Amino acid sequence: MGSDDISQTMKVISKKVLAEETLSKEEIIYLLQLEESPNRKALFDLANAVRCDTLGETIFIKGVIEFSNYCKRECAYCGIRASSKIRRYRMDPEEIVKVATDSARHGINTIILQSGEDPFYTTEIMSDIIKKIREATKKPISLSIGERTPEEFKLFKEVGASKCLLKQESVNPQIFKSVHGFDYETRISLLKILVLLGYVTGGGDIIGLPNQTLGDIADDIIFMRDIGIKMVGIGPFIPTKNTPLENHPIGSVDVTLNAYACTRLAIPSVLLPSTTALATIDPNLQYKGLDVGCNVIMVNFTPAECRQIYNIYDDKRNVEFYQTTRELLKRKKRLSPSILKALERKEVV
Ligand code: SAM
């Protein structure tokens, strides 16, 4: 690829990134709209170089435990929304601790506790689960349990949680309100509070929500950069039966990959998973994400009988530990020593 094939705008952007200057909204939009071309390849190469320069080549493996699919919310896109007529489950606190402890033996880098927004797990119950997992595993614990009060999140941090994922889904208030029945301001202020509480805070959005423009996605990236977000979950919208958005088209894979690359350029040290939503469209796409700036894969440790009914979207792919690590090694990706040791013990490499 000669430098003549690269646009002037792309050259300016590359220079700014290398000089650690802040990209403008217009520049991010330019990158988001790129289609297969030398410019897009330049974007992906740049994002990959920024990742390796900032954080090294390791792909971090996080283990997710989806401990309840009860949810009090009515998010228009989500298969486990309160009114969905699906089979529901709640794992017992002891079982959650046991599954988390087992998952830690696989050498995973973080344990993610995820659920619908389920008040069954009171402040006390949740604190107790976090405390026991932290004591048993010493692993970083990440919460993905929806909204709680600032006081609860403060307590959860004191007893052992250090990361928290609460996606803004869209920072555009009109889009946010059109798909959520709950308060936009509360969500945005809670994210800022999580940062202040000292959590490694995760935001993120869904690509392809109704009426979303590339400008909205650029605004999401800028918002996360400006409030000090350190983990970003971005996935394409997946239409899900019996939800208000069941007939809305699937989110763009190309824009999702471009958004990964842009996020890496905007927040160089971000923990950026190549998401299960992308793997649901095609597992190869999830690996492709790792070449365009992503550095995290989330593997699923939810017990099989629960996993099958944690259908936040249709046909959700089961990203499994052994299959994923084998595939990563086959693709010459670097894994952390704790994962390699666990794999050696199991004699799977
Ligand atoms: N209840 C917690 C919360 O709201 O933060 C955590 C679980 S929630 C089900 C996890 C994420 O799934 C949401 O942040 C949303 O972005 C994503 N999600 C749900 N339904 C989706 C869909 N149909 N397509 C793409 N992503 C979806």
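**A ligand and its surroundings**

Let's start right at the ligand: one of its oxygen atoms lies 2.6 Å from an N or O atom in the side chain of E169. Keep in mind that what you're looking at is a predicted model.

E169 isn't the end of the story. Find I238 next, where a polar backbone atom sits 2.8 Å from a nitrogen atom of the ligand. Then move along to I312: here, too, a polar backbone atom pairs up with a ligand nitrogen, this time at 3.5 Å. So how much of the ligand does the protein bury? On its own, the ligand would expose 560 Å², and the protein buries 92% of that.

Now zoom out a little and look at the whole shell. There are 19 residues around the ligand, and the closest ones are Y77, S115, K167, E169 and I238. You've already met two of those, E169 and I238. What kinds of residues make up the shell? It splits into 10 nonpolar residues, six polar ones and three charged ones. And if you're hunting for the largest cavity, it's the space that the ligand takes up.

Finally, let's hop over to a helix. Look for helix 9, which covers residues 214–227, and you'll find R225 in it. Is R225 buried, exposed or something in between? Its relative accessible area is 22%. Buried would mean under 20% and exposed over 50%, so R225 counts as partly exposed. From there, try tracing a line to K341: the two residues are 116 apart along the chain, and 35 Å separates their C-alpha atoms.

Definitions and conventions:
Residues are numbered from 1 along each chain as its sequence is written. This is a predicted model: local features need pLDDT of at least 70, side-chain atom pairs count only at pLDDT 80 or more; totals for chains, interfaces and linings use all residues. Side-chain values use heavy atoms; hydrogens and water are left out. A residue is near a molecule or strand if one of its heavy atoms lies within 4 Å of it. A polar contact is a pair of N or O atoms within 3.5 Å; within protein, one must be able to donate a hydrogen and the other to accept it, and residues adjacent in sequence count only if both atoms are side-chain atoms. Accessible areas come from the Shrake-Rupley method with a 1.4 Å probe; for residues, only the protein chains shown count as cover. On a 1 Å grid over the protein atoms alone, a cavity is a set of points where a 1.4 Å probe fits but cannot get out, and a pocket is an open set with protein on both sides within 12 Å along at least five of seven lines; lining residues have an atom within 4 Å of a point. A molecule sits in a cavity or pocket if more than half of its atoms lie within 2 Å of its grid points. Ala, Val, Leu, Ile, Met, Phe, Trp, Tyr, Cys and Pro count as nonpolar, Asp, Glu, Lys and Arg as charged, and the others, Gly among them, as polar. Helices (H or I, at least four residues) and strands (E, at least two) are DSSP runs, numbered from the N terminus. Buried means under 20% relative accessible area, exposed over 50%, partly exposed in between (1.4 Å probe, protein chains only).
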